[in-house]
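Visitor: I am new to this structure and should be grateful for a close look at a single part of it. Would you kindly choose one residue on the surface and describe its setting?

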Amino acid sequence: MDFEQENSVWVIGHRNPDTDSICAAIAYADLQNHLSETKYEPKRAGNLNEETKYVLRKFKVKIPVYVDDVRTQLKDIAFRRTIGVNSSISLKRAWELMTTSKVVTLPITDENNELLGLIVNGDIAESYMDVLDTRILAQARTPYKNMVETLNGTILVGNEHGRYIRGKVIVAADSLPMAEESMEKDDLVILGDRESMQKCALKHNASCLIICGGTQVSKQIISEAQDKECVIISTPYDPFTVSRLIMQSMPIKQFMRTKNLKKFDIEDYVDDVREVMSKARHRDFPILDHDGCYIGMISRRNLLNMQKKRIVLVDHNERQQAVHGIDNADILGIIDHHKIGSLETPVPVMFRNQPVGCTSTIIYQMYLENGVKITKPIAGLLCSAIISDTLLFRSPTCTELDKQAAEKLAEIAGIDMERHANEMFRAGSNFQSKTAEEICYQDFKTFTAGEILFGVSQISAMSREELDEVKERVLPYQATIMDERKLDMVFVMLTDILNESTELICRGKGADEAVERAFYKQKINDGFRLRGVVSRKKQLIPELLDAIANES
């Protein structure tokens with residue numbers, strides 16, 4: 001039986017997500033769940049900033065699940081849901097299960113579905129070929145019910161749930177003197193219809209008699225066996241066949257593999273699994289769930305049928321900004337309002353890119369185009385995203401379409417935009433409890449200019465005083481950012497929302513010169529004062545890209 005694959009589509013924004021990235025993902029998933037039978041799920045590729053947390057709390061919307069990598073995992077693959085077997089079943093039964101299920105490996109589990117071991121068909125074949133000690137049946141603590149099942153027999157005396165735990169296996173010959181010489185206490189004796197031989201076995205205190213040929217057993221023998229607590233099993237098979245089959249009644253626990261098992265977690269990535277498989281001789285490998293319980297088996301063949309994660313990207317189309325592993329995902333669509341970036345797809349996809357101030361404005365349009373009613377929480381999220389991205393319409397990226405969308409959404413959500421904007425921005429500029437790392441990465445993006453890789457963090461606040469305090473903490477941390485992200489340059493925008501200005505601080509060889517060429521400004525007290533510059537996308541990045549590319 002195959003494991004049912006997850007069949008959802010993930011909607012996800014960029015790493016270090018801002019309010020638009022999160023709200024756009026939630027809203028687009030909601031829209032598609034109204035239009036499609038496929039399940040769409042919003043995800044996030046990084047930690048939320050305080051502004052976004054405030055927005056989600058206000059409109060009582062769950063935080064999307066965090067995803068750090070979208071490479072294919074075992075849970076994306078159809079694998080066999082082979083049921084685990086009990087360690088006490090017989091070798092014969094295990095072989096039958098392998099044959100009927102067309103598998104070569106059986107997982108052995110306990111009552112809690114925890115994996116105890118594995119047995120492969122080679123282990124069973126080897127047990128048949130080996131010259132086994134005549135006491136191995138007892139050493140294996142073989143259940144009598146296994147013997148009954150293997151020999152197609154009937155238990156005449158004793159409890160089938162008991163186990164054979166002492167003695168050796170012997171086949172009583174036709175010669176009574178020879179049989180008497182070989183019999184010992186607790187032996188398991190295979191014999192025929194001769195009552196004298198049966199009495200002899202009981203006289204020597206045998207633990208079990210297996211009487212062949214379907215012979216009728218006398219009441220006297222049954223009575224004596226009961227008195228001596230000797231098990232009697234009747235089988236239609238002849239002594240030769242019984243002596244051949246009896247070893248197949250041993251529990252698989254005696255032969256199962258328990259050490260150095262190669263097993264995988266359902267969340268493991270296929271790339272890692274494939275590497276492990278390439279170094280192992282096994283054909284099948286067990287898979288465990290989140291609780292460490294066995295759920296199925298996977299083979300190399302299953303990896304050929306893997307399904308990549310299906311992704312819709314919102315608010316970005318740059319590989320450097322995308323969630324890890326994006327090259328191994330199946331991108332179904334992109335919705336964005338930034339410049340066309342570096343992402344490539346092997347086939348055409350739905351790509352919607354508009355020169356507006358916010359991705360959520362585009363998604364608002366898509367609701368209207370498809371005639372889907374916007375609920376109050378979704379309206380609140382979309383409106384908040386537009387307010388955030390356009391700095392309440394102060395940003396030069398803001399268009400008339402953004403304003404119209406925000407006004408209509410505010411009406412649906414029942415909010416006053418000015419008041420809501422102040423609450424959002426104040427929540428976002430509460431830096432007291434944050435580390436320099438959290439402040440810098442709350443809205444951070446990377447860009448490429450030729451062979452130069454640089455990062456830009458934007459930190460917005462309602463007052464210059466707040467930004468001056470943040471600046472002192474951020475300045476020394478820039479070196480750490482460069483080292484962690486392997487960047488050539490790093491820029492930090494300290495944006496004063498009310499005064500619509502930015503102080504730009506930077507680090508890296510050629511960074512100061514690039515800013516000077518881009519804005520014709522001189523550095524003052526560790527930074528560049530850029531009046532009227534509040535948009536990273538429209539006012540800063542184009543100028544920096546041009547200045548870095550044209551470095552003389």
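Guide: In this predicted model, Lys376 counts as exposed because its relative accessibility is 53%, and exposed here means over 50%. Lys376 belongs to helix α13, which covers residues 376-390. On the surface, Lys376 gathers with Lys58, Lys60 and Arg419 in a patch of positive charge.

One member of that patch, Lys58, leads to helix α2, which covers residues 50-58. Within helix α2, Lys53 and Glu50 stand three residues apart, so about one helical turn separates them. These two residues form a salt bridge, with 3.4 Å between the closest N and O atoms. Lys53 is partly exposed, at a relative accessible area of 30%, and Glu50 is partly exposed as well, at 25%.

A similar spacing can be followed elsewhere. In helix α3 (residues 91-101), Arg93 and Glu96 are three residues apart, and their side chains meet in a salt bridge at 3.6 Å, N to O. In helix α11 (residues 270-278), Arg274 and Asp271 are also about one turn apart; their salt bridge spans 3.7 Å, N to O. Arg464, Asp468, Lys471, Glu503 and Arg529, by contrast, are linked in a network of salt bridges. The whole structure holds 29 salt bridges.

As for the wider setting, the chain has 20 helices and 23 strands. Its radius of gyration is 37 Å, well over the 24 Å that the globule rule gives for 552 residues, so the chain is more spread out than a compact globule. Of the 552 residues, 54% count as buried.

Key
Residues are numbered from 1 along each chain as its sequence is written. This is a predicted model: local features need pLDDT of at least 70, side-chain atom pairs count only at pLDDT 80 or more; totals for chains, interfaces and linings use all residues. Side-chain values use heavy atoms; hydrogens and water are left out. Patches are made of residues with over 30% relative accessible area and no salt bridge: like charges are joined within 9 Å, nonpolar side chains (Val, Leu, Ile, Met, Phe, Trp, Tyr) within 5 Å. Accessible areas come from the Shrake-Rupley method with a 1.4 Å probe; for residues, only the protein chains shown count as cover. A salt bridge is a side-chain nitrogen of Lys or Arg within 4 Å of a carboxyl oxygen of Asp or Glu. Lys and Arg count as positive and Asp and Glu as negative; His and the chain ends are not counted. The place of a charge is taken as NZ of Lys, CZ of Arg, CG of Asp or CD of Glu. Helices (H or I, at least four residues) and strands (E, at least two) are DSSP runs, numbered from the N terminus. Buried means under 20% relative accessible area, exposed over 50%, partly exposed in between (1.4 Å probe, protein chains only). The radius of gyration is taken over C-alpha atoms; the globule rule is 2.2 Å times the number of residues to the power 0.38.
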